[in-house]
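Trainee: Could we go through this model together? I would like to see how each label is earned.

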Amino acid sequence: MKVTLIHPCIGRIPGKDYIKSWQMEALPPAQLAALTPSGIEVVFHDDRLEPIPFDDPTDLVALSVETYTAKRAYQIATEYRRRGIPVVMGGFHATLVPDEVQRYAEAIVLGEAEETWPRLLEDFRSGGLCRRYQAERRPALGSVRPDRRIFAGKHYLDLRLLEASRGCRMSCDFCAIQTFFASTHRRREVASIVEEIRSFGKNPPLLFFVDDNLVATPAWTKELCRAIEPLGVQWVGQAAITMTRDEELLELLHRSGCQGVLIGFESLDPRNLAAMGKTFAHTDDGLEAALERLRRHHLRLYATFVFGYEHDTLESFERTVEFCRQQRIFMVAFNHLTPFPGTPLYKRLEAQGRLLFPRWWLDDAYRYGMAPFSLSLPAEVVTERCVAARKAFYSLASIAGRLLEPTNTGNRRMFQAYVFINLLLRKEAAQREGYPLGDLTFRGPLLEVGQRRPVQVALGA
Ligand code: B12
Ligand code: SF4
């Protein structure tokens, strides 16, 4: 039996390269590969890097689906359905909107795959595939490590992704994580994380802990830092501004090799933070003092912001760019707020009739970067101002100005990373805009389960 794992891209413009900064190792298929019983052949195609050989024989196709990749995933499923090959789907979107995803997949998996994927494969092998799988409980983490052999020969960014914990206890109203993990947070045994890092060998690439909040449980994070310090690795991860209240934590993070953290600031306006349920992100002595503490401990910052919330005005964009430039932040993301289906935000905007594209992820008129809703500011304004903010932050003058911050350039690897990332994001500031969802070369209608048409008819349709 042969299973083909596929990680879909968001979309594709014929003849143009995919967005470089999104080309990182894909952990979901690596985890599925590790969970697949021996004796089943596994092949992996990364749609972001390479063409998919649709005509290669396979028994089953498995796709990870995020909201932004849903349309492309359905296109890929359609290609296989034309060839009579069953497709299963899992991941965030399959969990957030199972009824939609189920129309395009013979079977779907809701939630995490550790328990359900082996069961699904067994059912498929015995001819009894069910339509829907959902784990009865959240799996223990760390007993199965991603099988990274599937990445061989693929050219990803030079980062090694790994997980130390899953989920988040917070409940920000826009966030798909809180819906997917139901505001729970589980951590791996520190020893098993150390063992995984050791398995990467001497001088591994920069590690990227993909956890949504690596500092959610400070005592555990400190234990982790102490355990990885002797390994001499360099790493980055995702955290929360709450970490700046604990100087011992900051010091341990630095000593363990932490080079920088992504923090979701979302907004500089406390009224917006209150509206999104993110009041825990307050800092007693102000953001400037909090960022100063990060710098003092040599921690670089990737600050992410979203625009379009209730209290945003035109000034919000300029004020935020100015703040980030003044603080000489290593890198930023300025995106419009995104109503992901299944989140409280999505339900609220839907109920208020504020969604301009109710199913934006499938709408042919929708492009990446377009605010699909309107609150205090018109959607086009939010869309345009996000691009302008990115261009201002990634202007050559801003990149050069932020070089003056010693933390940004403190060691050779991070100096090179600063230049590479800032120039890349400068290029992508405009490249991402108007990016299509789905592959523009795809022809024919999306085929739902049970529909099967000859290839030549679909291609000509
Ligand atoms: C690392 C990461 C990235 C990296 C790399 C992504 C990659 N190579 O896959 C980068 C930085 C490039 C990135 C970019 C983006 N990301 Co991202 N990213 C993540 C992050 C933090 C971790 C993903 C991960 O590896 N998890 C570990 C794996 C093992 O867990 P998992 O994906 O949940 O998979 C498990 C289950 O879901 C399930 N499963 C998953 N797929 C399948 C498939 C089958 C068949 C089965 C059975 C089961 C199954 O089994 C797995 C094991 O239990 C997640 C948040 C998160 N906590 O997951 C966001 C997340 C996936 N990203 C998100 C978004 C929005 C984006 C961007 C669109 C951001 C932007 N505006 O630019 C881009 C899109 C890029 C793209 N798709 O090409 C959202 C997606 C939300 C949604 N509703 O779909 C998330 C959830 C973050 C969030 N806060 O909402 N991202
Ligand atoms: S935005 Fe961050 S803190 Fe809020 S629920 Fe999502 S992962 Fe947790």
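Mentor: Happily; we will take the ligand contacts, then the ligand shells, then a surface patch, bearing in mind that this is a predicted model.

Trainee: What makes the Asp-212 pair with ligand 1 a polar contact?

Mentor: A polar side-chain atom of Asp-212 lies 2.7 Å from a nitrogen atom of ligand 1. The cut-off for N or O pairs is 3.5 Å, so this pair qualifies. Arg-166 also qualifies, with a polar side-chain atom 3.4 Å from an oxygen atom of ligand 1. At Glu-25 a polar backbone atom is 3.0 Å from a nitrogen atom of the ligand.

Trainee: Which element gives the most to the shell around ligand 1?

Mentor: That is α1, with four residues. The whole shell counts 43 residues, and by class it has 23 nonpolar, 11 polar and nine charged residues.

Trainee: What makes two residues around ligand 2 charged?

Mentor: Its shell includes Asp-212 and Lys-278, and Asp and Lys count as charged, so these are the two. Six residues there are nonpolar, and no polar residue is present.

Trainee: Why is Leu-423 called partly exposed?

Mentor: Its relative accessible area is 41%. Buried needs under 20% and exposed over 50%, so Leu-423 falls in between.

Trainee: How do you know that Leu-423 is open enough for a surface patch?

Mentor: Patch residues need over 30%, and 41% passes, so Leu-423 meets that cut-off. Leu-423 joins Leu-396, Leu-403, Phe-415 and Val-419 in a nonpolar patch of about 400 Å². Helix α16, where Leu-423 lies, supplies the largest share, three residues.

How values were computed
Residues are numbered from 1 along each chain as its sequence is written. Chains are lettered from A and ligands numbered from 1 in the order in which they are written. This is a predicted model: local features need pLDDT of at least 70, side-chain atom pairs count only at pLDDT 80 or more; totals for chains, interfaces and linings use all residues. Side-chain values use heavy atoms; hydrogens and water are left out. A residue is near a molecule or strand if one of its heavy atoms lies within 4 Å of it. Patches are made of residues with over 30% relative accessible area and no salt bridge: like charges are joined within 9 Å, nonpolar side chains (Val, Leu, Ile, Met, Phe, Trp, Tyr) within 5 Å. Accessible areas come from the Shrake-Rupley method with a 1.4 Å probe; for residues, only the protein chains shown count as cover. A salt bridge is a side-chain nitrogen of Lys or Arg within 4 Å of a carboxyl oxygen of Asp or Glu. Helices (H or I, at least four residues) and strands (E, at least two) are DSSP runs, numbered from the N terminus. Buried means under 20% relative accessible area, exposed over 50%, partly exposed in between (1.4 Å probe, protein chains only). A polar contact is a pair of N or O atoms within 3.5 Å; within protein, one must be able to donate a hydrogen and the other to accept it, and residues adjacent in sequence count only if both atoms are side-chain atoms.
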